[in-house]
Amino acid sequence: MKITCIGAGYVGGPTMAVIADKCPDIDVTIVDLNAQRIAQWNDDDLSNLPVFEPGLSDVVAKTRNRNLFFSTDVENAIREGDIIFIAVNTPTKTYGVGKGMAADLKYVELCARQIAEIAHGEKIIVEKSTLPVRTAQSLKTILSNNAKNLSFQVLSNPEFLAEGTAVQDLYHPDRVLIGGDQTPEGLKAIETLTSIYARWIPRERIIQTNVWSSELSKLTANSFLAQRISSINSISALCEQTGANVSEIAKAIGTDSRIGSKFLQASVGFGGSCFQKDILNLVYLCRYFNLPEVADYWEHVIKMNDYQKRRFANKIIETLFNSVSGKKITCLGWAFKKDTNDTRESAAIYVTTALLRDKAEIHVYDPKVTPEQIYADLDYMKQHHRSNDMTGIAGDMTTKELKDLVHVHNEPYEAMDKAHAIALLTEWEEFSSYDWEAIYNKMYKPAFVFDGRNLLQKDKLSKIGFEVYTIGN
Ligand code: UDX
Ligand code: UDX
Ligand code: ADP
C-alpha cells in the first residue's frame, strides 16, 4: 500500500511523518506545489524545516528517504497513492460571495479535479484539511463527473492536533475520527484507514461515523474550545472591574468535573488558523440553512474575541496617558501561541494594528517568527480584515511607512531597550526567565508591562518597580 498527501503544511507534514514512522512498510509521499517548501522539507539541515514543532525534526530524521518522501511531482504521487490525503490550505474567503465568512475551497477543488484527471483504479480520498460541512459531497460530485476508470471512496478524517504539541498529539490522540459512506464499499474504506491508525492507537479510540457527523464534529469541537476561551475572557473583563481574580475563578470552576480544568486560561484572545475560521464556517452554514439564532449564538464567540483583543490594545493606550504616538512599545511574541512559528490570526497582529493606528513605534521579538512573516501579516491585515473596526491601518499607511514604524529584533534585550511599555502577547516560556531588573533599568519610567498571557510573576515585577497590567486581575 502507498499513501500520498497533497499539501506539505502544518497539518500534512507532521501527520504524514508520524504515519511513516508507525508504518515502516508503507511508502508515504507528501507533495506540494510550493517548490521552496518541499526543498525546506528535504533540507539536510533539519533546523530549516518549514514547520517548527517540538520533536518533529527527530521524526523526519528517522523516516525521511526511508519511507517518507517530499516531492513536487503531484501527478505521479496521485497516480501511485492508494490512499490520497488532501491537506491543502482552506483560508477564509477574501473576495466575492461569503467574503470574510466562508472557507475558500479553491485549493481543495483543484486537488479534486487533478485527482479526477490523473487517478485510475481504486482510491480512497481522505479529507484532512479543516473543511466546511458538505465538502466531501462536493469532492464526490467533482470526482464522479470527471474521473474515468476510477472507483473511489471519500472519507472525512479531521485532524485534531494542536500546534506546538502536534507530534505528541499524533502519537497519543484522544481519539481519531473517520467518517464515510455507510455502504459496503464505504465501510470497507473506513476499515482500511482504521487499520492504519490501529497500528498505534487503541481501536476503541477510533470513532467511525457517517461523513456528515465527522465533518460537523470537527467544527463543533473547535467551536466549543473557542467558546470556553471567550467565556473565561468575558469573565476576565468583569474581574477587572470587581476585584475578583480570573485565575482563581478558573481554578474554582475547573474542579467541577462537568466543566473540567483545561482551556480556561484567560488571554489577550485566541488565534490560530482553526478557531475563527471554523466558527465562521459554522455561522455561514447556519445562515445558509436559515437558522439565524444558532448563527448569532456562535458568532458572539468571535465578537467576544475581537472585543478582548481591542480591550487589551485600548488598555495600553489609555494607560500610557491616552496616546502612544511616537512611543516605543515592545511586543514580546508574535506567534499565536508558544512553541510554534505559525502566526495565522495571532492576537499580536490585531494589537499591533491598533497601536499603529495610534502612531506607536513597534518593536517585536519572537523566538521563532521571521521578520518577513511579521511584515506579511501586517500587510495582509491592512488589506483583508473582515471587520472594519480592526483594519485601522487600511489605506492610509503604505507598506514603507509600516516598515518604518515596525522594527523586528532577533535579540530580546535590544528590543526592550528604552521602551515605554512591553506587551507580552505569546506565552513563550523564555520570557519569564529574563533579567527583568536589567530590563527595568533601561526603560522609560514609569515602565509598563502588559501581560496578555498572565505568564510573568506580577508581584516580582511590581517589586522591581514596573507598573503591571494582567488579564482579569
Ligand atoms: C486548535 C485545536 O486545539 C485543535 O484540536 C485543532 O485541530 C486545531 O485548532 P491550535 O489552534 O493549534 O489547535 O491551538 P490551541 O492550543 O487550541 O490554541 C488556540 C488559541 O487559543 C491560541 O491562541 C491559544 O493561545 C489560545 N488559548 C488556548 C487561550 O487563550 N486560552 C486557553 O486556555 C487555551
Ligand atoms: C444546577 C447545578 O448543576 C448545580 O451545581 C447548582 O448548585 C444548581 O444548579 P440543578 O438545577 O439541580 O443543578 O440540576 P442540573 O442537573 O444542573 O440540571 C439543570 C437543567 O439542565 C435540568 O433541566 C436538566 O434537565 C438540564 N440539562 C442538564 C440538560 O438539558 N442537558 C444536560 O446535559 C444536563
Ligand atoms: P495547513 O495548516 O492546513 O496544513 P498550510 O498552508 O500550512 O495549511 O499548508 C497547505 C499546503 O498545501 C501549502 O504548502 C500549499 O502550497 C499546498 N497546496 C495548496 N494547494 C495545493 C495543490 N493543488 N497541490 C499541491 N499542494 C497544494
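Which helix gives the largest share of the shell around ligand 3? That is helix α5, residues 106-118, with three residues. Before going on, please keep in mind that this is a predicted model.

Staying with ligand 3, 21 residues surround it, and Gly7, Gly9, Val11, Val88 and Asn89 come nearest. Sorted by class, that shell holds 12 nonpolar, seven polar and two charged residues.

Next, the domains. The domain assignment splits the chain into domain 1, residues 2-209, and domain 2, residues 275-470. Their C-alpha centres are 33 Å apart. At the contact between them, 16 residues of domain 1 meet 16 residues of domain 2. On the domain 1 side, the residues that touch domain 2 are eight nonpolar, six polar and two charged.

That brings me to ligand 1. Where does ligand 1 lie with respect to domain 1 and domain 2? Both domains give residues to the shell around ligand 1, so ligand 1 lies between them. The shell has 19 residues, and Gln265, Ser267, Phe270, Gly272 and Cys274 are the closest. Helix α9, residues 211-242, gives the largest share of this shell, three residues. By class, the count around ligand 1 is 11 nonpolar, five polar and three charged.

Now some elements within domain 1. Helix α1 covers residues 12-22, and 10 of its 11 residues are buried, so the helix is largely enclosed by the rest of the structure. The buried ones run from Gly12, Gly13, Pro14, Thr15 and Met16 to Ala17, Val18, Ile19, Ala20 and Asp21.

Strand β7, residues 176-179, is covered on both faces. Val176 and Ile178 are buried on one side, and Leu177 and Gly179 are buried on the other. The partner of β7 is strand β8, residues 206-209; the two run parallel and are joined by four bridges. Across that pairing, Leu177 stands opposite Ile207 of β8. To get from β7 to β8, the chain passes through helix α8, residues 184-197, in a right-handed β-α-β crossover.

On to a single position in domain 2: Ala415, in helix α16, residues 412-416. Is Ala415 buried or exposed? The cut-off for buried is 20 or more C-beta neighbours within 10 Å. Ala415 has 21 inside 10 Å, so Ala415 counts as buried. Leaving out residues up to four places away in sequence, Ala415 touches Thr330, His363, Val364, Tyr365 and His409. Phe450 is 35 residues from Ala415 along the chain, and their C-alpha atoms are separated by 15 Å.

Last, some backbone geometry. Most residues other than glycine have a negative phi, and most peptide bonds are trans. Here are the exceptions I want to show.

Asn149 is not a glycine, yet has a positive phi of about 55°. Asn149 sits in the loop between α6 (135-146) and β6 (150-156). With 7 C-beta neighbours inside 10 Å, Asn149 counts as exposed.

Phe321, also not a glycine, has a positive phi of about 60°. The loop that holds Phe321 is the one between α12 (292-319) and β9 (328-332). Phe321 has 10 C-beta neighbours inside 10 Å and therefore counts as exposed.

Finally, the peptide bond from Lys445 to Pro446 is cis, with omega near -5°. Pro446 belongs to the loop between α17 (436-441) and β13 (448-451).

Terms used
Residues are numbered from 1 along each chain as its sequence is written. Chains are lettered from A and ligands numbered from 1 in the order in which they are written. This is a predicted model: local features need pLDDT of at least 70, side-chain atom pairs count only at pLDDT 80 or more; totals for chains, interfaces and linings use all residues. A residue is near a molecule or strand if its C-beta atom, placed from the backbone, lies within 6 Å of it. Ala, Val, Leu, Ile, Met, Phe, Trp, Tyr, Cys and Pro count as nonpolar, Asp, Glu, Lys and Arg as charged, and the others, Gly among them, as polar. Domain bounds come from an automatic or database domain assignment. A residue is buried if 20 or more other C-beta atoms lie within 10 Å of its own, exposed if 12 or fewer, and partly exposed in between; C-beta atoms are placed from the backbone. Two residues are in contact if their C-beta atoms, placed from the backbone, lie within 7 Å. Two strands pair if DSSP finds at least two bridges between them. A crossover is right-handed if, with the strands pointing away from the viewer, the path from the first strand over the helix to the second runs clockwise.
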